[in-house]
Amino acid sequence: MSERWLRWFQPSRRDPKRDVDDEIQFHLEARISDLVARGARPEDARRQALHEFGDADVVRADTVRIDERIIRRDRRADWISEFIRDARVGLRSLLRTPAYTITTVLCAALGIGVTGAIVSASYSILVRPLPYPRDEQLVTIYADNPGRGYKNVNISWPDFIAWRDRNQTFSGIGIFTWNSNTVSGGSGDAERVTGSEISPNLFAILDVRPAIGRLFLQNEDERGRAPVVLISHRLWLRRFGGDSALVGRTINLDGRAHTVVGVMSPGFNFPQSGDVWVPFKTDPALESHANRGYAGAIGRIKPGVTVEQARADLHRVDAQLAREFPNENDGWQAGVLTMRDDLVGELRRPLQVFLVAVAMVLLTVCANLANLMLARGAARGREVAIRAALGASRGRIARQLMTESIVTAVLGGVIGVGIAWWGVRLLRFAFPDQSPPFYVKLGLDALAIGFIVLITLVTGILFGSVPALRTARANLDATLREGSRGAGTGLHRSRLRAALVVSEIALSVVLMVGAALLARSYKNLAGSDLGFDERHVLSARITLPSSDYATRAEVANFYQRLLTDLRRLPGVVAVGSAQGIPFSGWNVQGEATVEGAPAPKRGEELVAHYQRVTPDYFKAIGVPLVRGRWFTDADRDSLNPVIIVNELMVAKAFGGRDPIGKRMGGSGSPHAATVIGVIKDFRHYRLPEPMGPAMYYPYASYPGWQQTVVIRTSHDHPQSVIPELRTAVRAIDKRVALYQVQTFGEVVSRSFWRQRLQGNVVSVFAVLALCLACIGLYGVISYAVAQRTRELGVRIALGASRGRVVWLVGRQSARLVLAGVAVGLLASYFAVGLLSSLLYGVRPTDPGTFALVPAILAVVAFLAAVIPAARAARVDPIIAMRSE
Amino acid sequence: MYAGSIVAYTSNADGYMPRTVDLLQGTLDLLILKTLSWGPAHGYAVARWIETLTGEVLRVGEGSLYPALHRLEERDWVESSWQISSTKRRTKVYRLTPKGRQQLKTETGTWSQFVDAVAKVLKTEERPL
């Protein structure tokens, strides 16, 4: 061991080539002189020695190689043992100052933890492959009409056929619709499950295989074929006990027997969660080119083809279609999005914002830690100087200090992993329904942990290097002399610390501005006048099986009876039903015309939302009538229908004039309808999408199988009527499934989840940065006060008032805060551009926000500075001066 | 790895003819450890001791001694230091470490077992049943 130590201290003397040469040389000379001593002639002795030795070059090369290996190993071992020694010393000295250690470790842990959480979430959402092989080739295809401002509209059947058959860049295009079905049989009550109708090629395009059985056959979508179904692994386990003999047998779907042809793999979902899939069947003769809005399409691009090329290819087909069907297809074109963009595109910008924000938090953390380290370094100036005087090299001291900061970072990193783990779990709750969609696997995996280790080390080195170098480079002589006088002024160092505090304050200003803007956006959104009253309202969706309810009269009877029964329940104020309630995504729109008005120019047609509602629907959702009358049960004439329109329709179609009695054509009926009432506008589309003109037909004129029932109650907790609702449905028909049972309030608040997430996450970061900045400020000011104790004591002794002393200290903090705020506001002014697309009802450069943030900061910073200032004011001049 | 070879000089009708016999790597290591167990020595001394003790029957191919020594050093069985010889030359002196002494004990045991086993076979006159 001792040898190795010696070697370490004489590292430059190790030259394996020279050593080995010397050794061999010595051997040969010794042999020659031995042989000569025994009487050999020198030349013979030399020849014999060389002969006995063998090939000296080979021996030399081999030996040198071994030596070099030993040197490398020793260096590594020395470095490690030295690091361990430094770490041990560092840990001991950290334990001596628990307040410092806890502050720094927690700072590091927070910075590392939140960075780890956000980076890992961003990776999961934006980078990790979708659960389909070669997902980069998959695209979602919509219909766009840029001229009329339509984007991401669903597609029509004939368009799909044209794209499928005429493209040159896809290996396949499939179609699907969103669907839900009632499953009965197996174990349990009838239940409603979601799924979709798919073209037989769709799952092959996704390149997924069933766990048992097969996918659909080429022609299983033809009309008249026996019904078949694919089910999810989940449903298979839950309802059919994982019976592998199920494949080939039939299950009851919407009242009809369907043969199960396959069970998909565990974890497979489509299009959202999805439990049953049936072939997409349609009568092509009935499908018009203009009937967009009911199907989605997914394509797989051929290898080597870019998304742009595929898009151009489909646009070529669109141009042909526009010539062939000018009335239906003029202006329409395929919108081709990568599947990832389609699924998570709306999260891209918020995540970018989070990443920038978290980087700023991490920078604040580093600045703060560097600041704390510098303060500590200053306090330890004497210790360092003494060690230097005793012969420790500057590099050695710097390394020791650096090791200490890495130890801190590692401790922080360990806690940080815990925080990140917890943060990722918390993010899970941020998604609607407390669970992220299937294609997002949130979690801390090896990659995330690896990244955390990396940022831990970077953090340690970043915040450790400046103070380490500075402390080690400190003027030994001066420090020792200063030290004899108590505390050093270290002007240079305090300037660096001031710069660090200013940048911390500036970073937290930027984050606070961002957080305030996002929080205001959320508040604007959540607080905006929706035009309806979601409180006290319960909603539930019902679909009647068409096998049991063959005619519209039967359907109407069912709903008539259900609504009447529900109306009689205690605590129920109004009951209505509609095809889709606000914020539910039922955004069906169609062209509308006013009788007698000139035909609109192409591209300027009036487009209106339409649906069929029962008489009490508007009362149930709390929308008032402006003029005219409500629907009654008598409004059931489908040849001469009546309609209620909203105020936006009055403004747009009637120029604000009274529409009552006027007749309109619309997509809800083939016959012109008479306007009988006008309701106040309400937000039917999910915010921030603006509301447009709307027309409502009486449900009784054209009853549909699928309805959303809304029940206005007098309860604060409308959930309390759920049992009665279930009983009421079961009393009429046991086979009818009730689903999406939720309060209207839940529907509304869920629709704001992204905005809420944005506001919350950035606010947490802003508060974090603010706390860090305050810790930094507090540290700098207390340090300054400690340094000036003597000076302040003298001032007090010479008659300076306590107030004057507080002012002296306060002025110093005020300067730092002002500088930080100024830099921060300037940086914010440029940084908010990143946010603009996420804001709602507030401008990025909102003057209120830009005024509020400095005010908050000033108050908090004042609190951080007032403690050391008060301490300064309490300085006893006698003690202050004697303490020297 | 450098093959540890030992040159065995055997007499025959034509006089001394060198014949290289490849021995187990461990054999040379064992001989070196044994010689160093008497005290520190430089490479040349180790070579002479092995030569003397084996009655010049087994003679180390002397160059091969050095990679072997350095490898033992790499394994921490021996350690080395530079000293100035009586002829005022820099010489590298090797010394057995406690780990090396332990290794020597183990190896000696293994070797004896090996020799006994081989001897037993060679001394047996009759074919075992």
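Colleague: How many residues does each chain put into the contact between chain A and chain B?
Modeller: Chain A gives 28 residues and chain B gives 30, with contact meaning heavy atoms within 4.5 Å. This is a predicted model, where local features need pLDDT of at least 70, side-chain atom pairs count only at pLDDT 80 or more, and totals for chains, interfaces and linings use all residues. Residues are numbered from 1 along each chain as its sequence is written, chains are lettered from A in the order in which they are written, and side-chain values use heavy atoms, leaving out hydrogens and water.

Colleague: And what area do chain A and chain B bury between them?
Modeller: About 2500 Å², with 49% of it on carbon and sulfur atoms. Buried area is the accessible area (1.4 Å probe) that two parts lose on being put together, summed over both.

Colleague: Which residues in chain A lose the most area to chain B?
Modeller: Glu23(A), Phe26(A) and His27(A), together 26% of what that side buries.

Colleague: How many salt bridges are there between chain A and chain B?
Modeller: Five, each a side-chain nitrogen of Lys or Arg within 4 Å of a carboxyl oxygen of Asp or Glu. Asp22(A) and Arg90(B) meet in a salt bridge at 2.5 Å, N to O.

Colleague: Switching to helices: which residues of H23(A) meet H24(A)?
Modeller: Leu792(A), Arg795(A) and Ile796(A) in H23(A) meet Arg802(A), Val805(A) and Leu808(A) in H24(A). Helices here are DSSP runs (H or I, at least four residues), numbered from the N terminus.

Conventions
Helix = DSSP H or I, 4+ residues; strand = E, 2+ residues; numbered from the N terminus.
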